Amino acid sequence: YYTAQVATSLRPGVYSDDEECPVVDWDKLGFGFMPTDYMYITKSCDVAGNFEKGQLNRYVNIQLSPSAGVLNYGQGLFEGTKAYRQDNGGLSLFRPRENAIRMQIGAERMCMPYPSTDQFVDAVKQTALANKRWIPPSGKGSLYIRPLLFGSGSILGLAPAPEYTFLVYACPVGNYFKEGTAPLNLYVDEDFHRASRGGAGGVKSITNYAPVLRAIRNARERGFSDVLYLDSVNKRYIEEVSSCNIFLVKGRLISTPIACGTILEGVTRKSIMDIAIDLGYQVEERLVEADELISADEVFCTGTAVGVAPVGSITYKGQRIDYKIKSELVCKKLYSTLVGIQKGHIEDKRDWIVDI
Ligand code: COI
């Protein structure tokens, strides 16, 4: 089914035959694609949707039928998680079980079978280890791991595909935005919406991403970093940014609510809320009117790819709101705690770190 090139799978337990350090300028890593050595792949093998024991293969193109469910009807989900090189030389993952569970919830929504939590985490670990020479040195970035689940079987009428593929690949990354660590300038686009009530905005469906490309392009052409979307019913409440969640600081930490099903429950978002509680901040999850943006002390974005990124300005209804970026920002404190846990400097009280 897959191309002949994929046949070069590895013996179990043998990960990388290529120990040399890759030729990458770690100081210039952005969020661009570069092929790494191996990917994990498996297919659903029965009508009940059980997945075969997967295997590591060389990273290669895969072959798909033109009538695959994912190509015709967008039946697909993706995840994003990261492997880090800790200061003590150890390698670790951050909360991969959360990604597994989020993929399972998304798969239920999209009528797809899904890998068990253990199979998902094992696949992520295997992919990270097989590509370990691509994990950047500590402080230079991370290995972004991209699990995919999609309808690879042929289907013509609108229905779930008869076969599914679960695949995990990886790529070393640095900062997501070209701004690097500089504050983001967001644009509230009132014409485009990312998600609607009853839609799939709350799960990581591939169909949530291409429709925002036009809004992102328009915003970038006007010098903005990304778009902040409003809810599609009232066009009044802020929801999230194309690639990340958003927080406001107004004395307390405020997050937009996942209960409406239009906001993705980010793993970084959840972690930042827990860290804030541990550090003694009050945390509120509620509807946030766009008109409130003007009275926020701080605004910042969170996401696996984005990390924690301060927002320097938001332009809404033609008015630019500027946020003072001070050294004692709440966002900085939360981020440095998160990074400290990920790097092993700060005690991991909640068992978030998975050593590999
Ligand atoms: C992530 O943060 O992992 C994402 O999937 C966002 C994506 C647009 C890069």
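**Group meeting talk: a strand, a ligand and a lysine**

Okay, let's start with one pair of residues: Ile246 stands opposite Cys301, and Cys301 belongs to strand β14. Keep β14 in mind, since I'll come back to that strand. One caution before we go on: this is a predicted model.

So who are the partners of β14? On one side of the pairing list there's β11, residues 245–250, joined to β14 by five bridges, and the two run antiparallel. Then there's β15, residues 307–316, which is also antiparallel to β14, with four bridges between them. If you want a pair to click on there, take Phe300, whose bridge partner in β15 is Pro310. And how many residues does the hairpin from β14 to β15 pass through? Three.

Is β14 enclosed or not? Well, the strand covers residues 298–303, and five of its six residues are buried, so the rest of the structure largely encloses it.

Now the ligand. Which residues surround it? You'll find Gly80, Ser243, Gly303, Thr304, Ala305 and Val306. Look at Gly303 in that list: β14 runs over residues 298–303, so our strand reaches the ligand shell. As for the character of that shell, it has four polar residues, two nonpolar ones and no charged ones.

Next up, Lys204. The UniProt record, an unreviewed entry, puts the feature "modified residue: N6-(pyridoxal phosphate)lysine" at this position. Where does Lys204 sit? It's in the loop between β8 (184–189) and α4 (213–221). Don't let the word loop fool you, though. Lys204 has 25 other C-beta atoms within 10 Å, and the cut-off for buried is 20 or more, so Lys204 is buried. Setting aside neighbours within four places in sequence, its contacts are Leu77, Phe78, Glu79, Arg102, Gly106 and Leu264.

Another buried one is Asp226, which has 26 C-beta neighbours inside 10 Å. Asp226 is in strand β9, residues 226–230. Again leaving out neighbours within four places in sequence, Asp226 is in contact with several residues, among them Leu184, Leu186, Val241 and Ser243. You've met Ser243 already, as one of the residues around the ligand. For a sense of distance, Asp226 and Leu338 are 112 residues apart in sequence, and their C-alpha atoms are 23 Å apart in space.

Now two residues with a backbone angle to look at. Arg95 isn't a glycine, yet it has a positive phi of about 50 degrees. Lys317 isn't a glycine either, and its phi is positive too, near 50 degrees. Arg95 is in the loop between β5 (91–94) and α2 (96–109), while Lys317 lies in the loop between β15 and β16 (319–322). Buried or exposed? Arg95 counts as buried, with 21 C-beta neighbours inside 10 Å, whereas Lys317 is exposed, with 8 other C-beta atoms within 10 Å.

Let's zoom out to finish. The chain has six helices and 17 strands. Its C-alpha atoms fill a box of roughly 60 × 55 × 35 Å along the principal axes. For 356 residues, a compact globule would have a radius of gyration near 21 Å, and this chain's 20 Å agrees with that. Of those 356 residues, 44% are buried. And if you take contacts between residues at least 6 apart in sequence, 71% of them join residues at least 24 apart.

That's my tour, thanks!

Technical notes. Residues are numbered from 1 along each chain as its sequence is written. This is a predicted model: local features need pLDDT of at least 70, side-chain atom pairs count only at pLDDT 80 or more; totals for chains, interfaces and linings use all residues. A residue is near a molecule or strand if its C-beta atom, placed from the backbone, lies within 6 Å of it. Ala, Val, Leu, Ile, Met, Phe, Trp, Tyr, Cys and Pro count as nonpolar, Asp, Glu, Lys and Arg as charged, and the others, Gly among them, as polar. A residue is buried if 20 or more other C-beta atoms lie within 10 Å of its own, exposed if 12 or fewer, and partly exposed in between; C-beta atoms are placed from the backbone. Two strands pair if DSSP finds at least two bridges between them. The radius of gyration is taken over C-alpha atoms; the globule rule is 2.2 Å times the number of residues to the power 0.38. Two residues are in contact if their C-beta atoms, placed from the backbone, lie within 7 Å. UniProt positions are given in the numbering used here, feature names are shortened, and annotations may be inferred rather than shown by experiment.
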